[in-house]
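Here are my notes on the model you shared. I have set them out as numbered points, so you can check each one with the structure open beside you.

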Amino acid sequence: MKIENFSMKDYGQIIQIWKASGINVGSSDSKEEIEIVFHRNPELFLVGKIDDEIISVVIGGFDGRRGYVHHLAVSPKYQRKGYGTQLINELNERFKKMGVHKVHLFIENDNDKVINFYKKLDWEIRDDLIMMSFVPDKTLYKRNS
Ligand SMILES: CC(C)(COP(=O)(O)OP(=O)(O)OC[C@H]1O[C@@H](n2cnc3c(N)ncnc32)[C@H](O)[C@@H]1OP(=O)(O)O)[C@@H](O)C(=O)NCCC(=O)NCCS
């Protein structure tokens, strides 16, 4: 699998991968919102290609203090072949080069498969924290679009 920076022309394909792999595609995944996150950290938004077909995607972000990982997904027919590991390892290398001290991600607590995937890669479950969220503008946010 060849890893490249995401480009906006890939938008349709990454939405398909997210939907096919069971990720909630919400209001933050509209073309306009994806363009915003892409321009914020273009070198952390990655796609994996086999023979020019996009088969994996991850959005990395760095807010100046912590790194974040969003929407890592591999097309269902390419899962369990090491491609997810390859993509997250490349993202972690890029975080390292940027001097990021720590990276966070969010997994629904019943998603055992993904928890297992990250545990195998030495990610640590934080049982000393709880996540809290706030929606500043209720007209903007939708969990499923
Ligand atoms: C999570 C995901 C990206 C992993 O990608 P992948 O290419 O299939 O993962 P890898 O082949 O690199 O797996 C590495 C290891 O992780 C663990 N793992 C991966 N998928 C697993 C699963 N479905 N069940 C249990 N363990 C799993 C295994 O230990 C695996 O090693 P093994 O195949 O030698 O046993 C992929 O399953 C996916 O797209 N899931 C749906 C989308 C999703 O929920 N993303 C996370 C959002 S928070």
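The points below go from the sheet to its helices, the core, the ligand shell and a few backbone details.

1. **The sheet as a whole.** Please keep in mind that this is a predicted model. Its five strands form an open sheet with the order β1-β2-β3-β4-β5, and the pairing is mixed. The edges are taken by β1 and β5 (103-105); each has a single partner strand, so one side of each is left without a neighbour in the sheet. From one strand to the next, the twist averages 30°.

2. **Helices on the sheet.** Two helices are worth a look here. α1 packs on the sheet and touches β2, β3 and β4, with its direction at about 90° to that of β3. α3 also packs on the sheet, where it touches β1, β2, β3, β4 and β5; its direction makes about 30° with that of β3.

3. **β1 with β2.** Strand β1, residues 2-5, pairs with β2 in the antiparallel sense, over four bridges. If you want a residue to find the register, take Asn5: its bridge partner in β2 is Leu46.

4. **β2 with β3.** These two strands are antiparallel as well, with six bridges between them. You can follow the register through three pairs: Phe45 has Ile59 as its bridge partner in β3, Leu46 has Val58, and Ile50 has Glu53. Leu46 thus has bridge partners on both sides, with Asn5 in β1 and Val58 in β3.

5. **The β2-β3 turn.** β2 and β3 form a hairpin with two residues between them, and Asp51 in the turn has a positive phi of about 50°. Asp52 lies in the loop between the two strands and has a positive phi of about 70°, although it is not a glycine. As a reminder, most residues other than glycine have a negative phi. Is Asp52 buried or exposed? It counts as exposed, because just 6 other C-beta atoms lie within 10 Å of its own, where 12 or fewer is the cut-off for exposed.

6. **β3 with β4.** β3 and β4 pair in the antiparallel sense over six bridges. Ile59 has His70 as its bridge partner in β4, while on the β2 side Ile59 is the partner of Phe45. The hairpin of β3 and β4 has four residues between the strands, and there Gly64 takes a positive phi near 100°.

7. **The nonpolar core.** Which residues touch the most other members of the largest nonpolar core? They are Leu46, Val57, Val58, Leu72, Leu87 and Leu91, in a core of 19 residues. The elements that give two or more residues to this core are α1 (11-20), β2 (45-50), β3 (53-62), β4 and α3. Leu87 is a good place to start looking: leaving aside residues up to four places away in sequence, Leu87 touches Ile3, Leu46, Gly48, Ser56, Val58 and Leu72.

8. **A residue of α3 with fewer neighbours than the buried cut-off.** Asn89 lies in helix α3. Asn89 counts as partly exposed because it has 13 C-beta neighbours inside 10 Å, and 20 or more would be needed for buried. Asn89 and Ile59 are 30 residues apart in sequence, and their C-alpha atoms are 13 Å apart in space.

9. **The ligand shell.** How many residues surround the ligand? There are 20, and the closest are Gln79, Gly84, Thr85, Lys113 and Phe117. By type, the shell divides into eight nonpolar, eight polar and four charged residues. β4 (67-74), α3 (83-97) and α4 (112-120) each supply at least two residues, and α4 gives the most, with five.

10. **α4 and what follows it.** Of the nine residues of α4, the number buried is zero, so this helix lies largely in the open. After α4 comes Asp122, which has a positive phi near 75°.

11. **Arg80.** One more backbone detail to check is Arg80, in the loop between β4 and α3. Its phi is near 60°, a positive value in a residue other than glycine. Arg80 is exposed, with 10 other C-beta atoms within 10 Å.

Definitions and conventions
Residues numbered from 1 in each chain as written. Predicted model: local features only at pLDDT ≥ 70, side-chain atom pairs only at ≥ 80, totals over all residues. Near = placed C-beta within 6 Å. Nonpolar A, V, L, I, M, F, W, Y, C, P; charged D, E, K, R; others polar. Core = buried A, V, L, I, M, F, W, Y, C linked by C-beta atoms within 7 Å. Contact = placed C-beta atoms within 7 Å. Pairing = 2+ DSSP bridges. Axes fitted to C-alpha atoms, helices over the stretch in contact; angles between N-to-C directions.
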